[in-house]
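The following exercises concern a single protein chain. Each task is followed by a solution worked in steps.

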Amino acid sequence: MKFNLLAASLAICQAVFALPTDTLEKRATVQGFDISNHQPNVNFRGAYSSGARFVIIKATEGTTYIDPAFSSHYNGATAAGLIRGGYHFALPASSSGATQANFFLAHGGGWSGDGITLPGMLDIEYNPYGATCYGLTKTAMVNWIQDFVNTYHSKTGRYPMIYSTNDWWTTCTGNSAAFHTTCPLVLARYSTAGPGTIPGGWPYQTIWQNSDKYTYGGDSDIFNGGLTGLKKLATG
C-alpha cells in the first residue's frame with residue numbers, strides 16, 4: 001500500500017512538471033495599476049515593493065487636454081523600476097481617430113523598445129459628457145477606432161492596447177472583431193469572480209482592470225501572464 005501511494009505521488013509530480021511552459025505561464029499574473037491627475041500623490045516605490053510591476057498613466061484626452069500629472073507620474077514610475085506607459089481617453093465626436101492618435105503621440109503616448117515602455121492604450125468607453133456612443137453609429141465607431149489604431153501603428157510600429165468594457169464594446173461597436181488579432185485587450189470589470197465575457201473576438205484579456213481601488217493609487221490592473229510575458233508586451 002505504501003509503495004502504491006508513493007508511485008501515485010511520483011506520477012502526479014511528473015505530470016505537473018511535464019506541463020508545457022506556456023500552460024504554467026497562463027496561470028501566473030502580475031499586479032499593476034492605472035492612474036491620472038485624480039491621484040496626485042502616488043507611492044510608486046510602495047507599489048513596487050508590494051509586487052506591482054507596471055502602471056498605465058493618463059496622458060491625454062481628445063485633442064485639447066494634457067494630463068498635468070503625466071510627467072511627474074511617469075518619472076516617478078520610472079524611478080521606482082516599474083514598466084510604464086501612457087493612455088489616451090478618446091472623445092470620438094470631437095475629431096478623427098488619426099488626429100487624436102497624433103495628439104497622444106505628441107504628449108507622452110509614444111513607444112520605444114527600451115524594455116520598460118508599454119505600447120500606448122486607447123481608452124474607449126462610456127462618454128462622461130453625453131451620449132454613450134458619442135453620437136456615432138456602430139460602423140462609424142469602428143472606423144474611428146481603426147483610424148486611431150492605424151495612425152498609432154504607422155508612427156510607432158506597435159499596435160495600441162484597447163481599454164473598454166464588454167457592455168460598451170457590444171453596444172457601440174456591435175461587438176466588432178476587427179482588432180482582436182492586433183490590439184491587446186484591457187478589459188474593465190470590477191469583480192472578484194474574473195473578467196467575465198470577453199468581447200470582440202479576443203480569445204482572452206491581456207490586462208484585467210478588476211477594481212477601481214488600488215492601495216497605492218488609482219485602479220487595480222492584473223496582467224494575464226507572468227513577468228516574462230509582461231516584459232514581452234513592453235519590448236514588442
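Helices (H or I, at least four residues) and strands (E, at least two) are DSSP runs, numbered from the N terminus. The model is predicted: local features need pLDDT of at least 70, side-chain atom pairs count only at pLDDT 80 or more, and totals for chains, interfaces and linings use all residues. Residues are numbered from 1 along each chain as its sequence is written, and side-chain values use heavy atoms, with hydrogens and water left out.

**Exercise 1. Determine which residues of helix 5 are buried, what covers them, and what follows the helix.**

Step 1. Apply the burial criterion: buried means under 20% relative accessible area, exposed over 50%, and partly exposed in between (1.4 Å probe, protein chains only). In helix 5, which spans residues 97–106, the buried residues are G97, A98, Q100, A101, F103 and F104.

Step 2. Relate the pattern to helix geometry. An α-helix has 3.6 residues a turn, so residues three or four places apart point the same way.

Step 3. Identify the cover by contacts (heavy atoms within 4.5 Å). The elements over the buried residues of helix 5 include strand 2 (54–61), strand 3 (65–66), strand 4 (83–89), strand 5 (121–123) and helix 6 (138–156).

Step 4. Inspect the end of the helix. G108 follows helix 5 and has a positive phi, near 110°.

**Exercise 2. Trace the connections of strand 6 to strand 5 and strand 7.**

Step 1. Two strands pair if DSSP finds at least two bridges between them. Strand 5 and strand 6 run parallel and are joined by three bridges; D123 stands opposite Y163 in strand 6.

Step 2. Strand 6 and strand 7 (residues 185–188) are also parallel, with three bridges. Here S164 has L187 of strand 7 as its bridge partner.

Step 3. Assign the handedness. A crossover is right-handed if, with the strands pointing away from the viewer, the path from the first strand over the helix to the second runs clockwise. Strand 5, helix 6 and strand 6 form a right-handed β-α-β unit. From strand 6 the chain passes through helix 7 (residues 166–173) to strand 7, and this β-α-β crossover is right-handed.

Step 4. Examine the faces of strand 6 (residues 161–164). M161 and Y163 lie on one side and I162 and S164 on the other; all are buried, and both faces are covered.

**Exercise 3. Establish how strand 9 is paired and why it is described as largely enclosed.**

Step 1. Strand 9 pairs with strand 1 (30–35) in the antiparallel sense over five bridges, and V30 stands opposite F223.

Step 2. Strand 8 (residues 207–211) is joined to strand 9 by four bridges, and the two run antiparallel. Q209 stands opposite D221 in strand 9.

Step 3. D219, D221 and F223 point one way from strand 9, whereas S220 and I222 point the other way. Five of the five residues of strand 9 (residues 219–223) are buried, so the strand is largely enclosed by the rest of the structure.

**Exercise 4. Locate T181 and state whether it is buried or exposed.**

Step 1. T181 lies in the loop between helix 7 and strand 7.

Step 2. With a relative accessible area of 64%, T181 is exposed.

Step 3. T181 and G201 are 20 residues apart along the chain, and their C-alpha atoms are separated by 8.6 Å.
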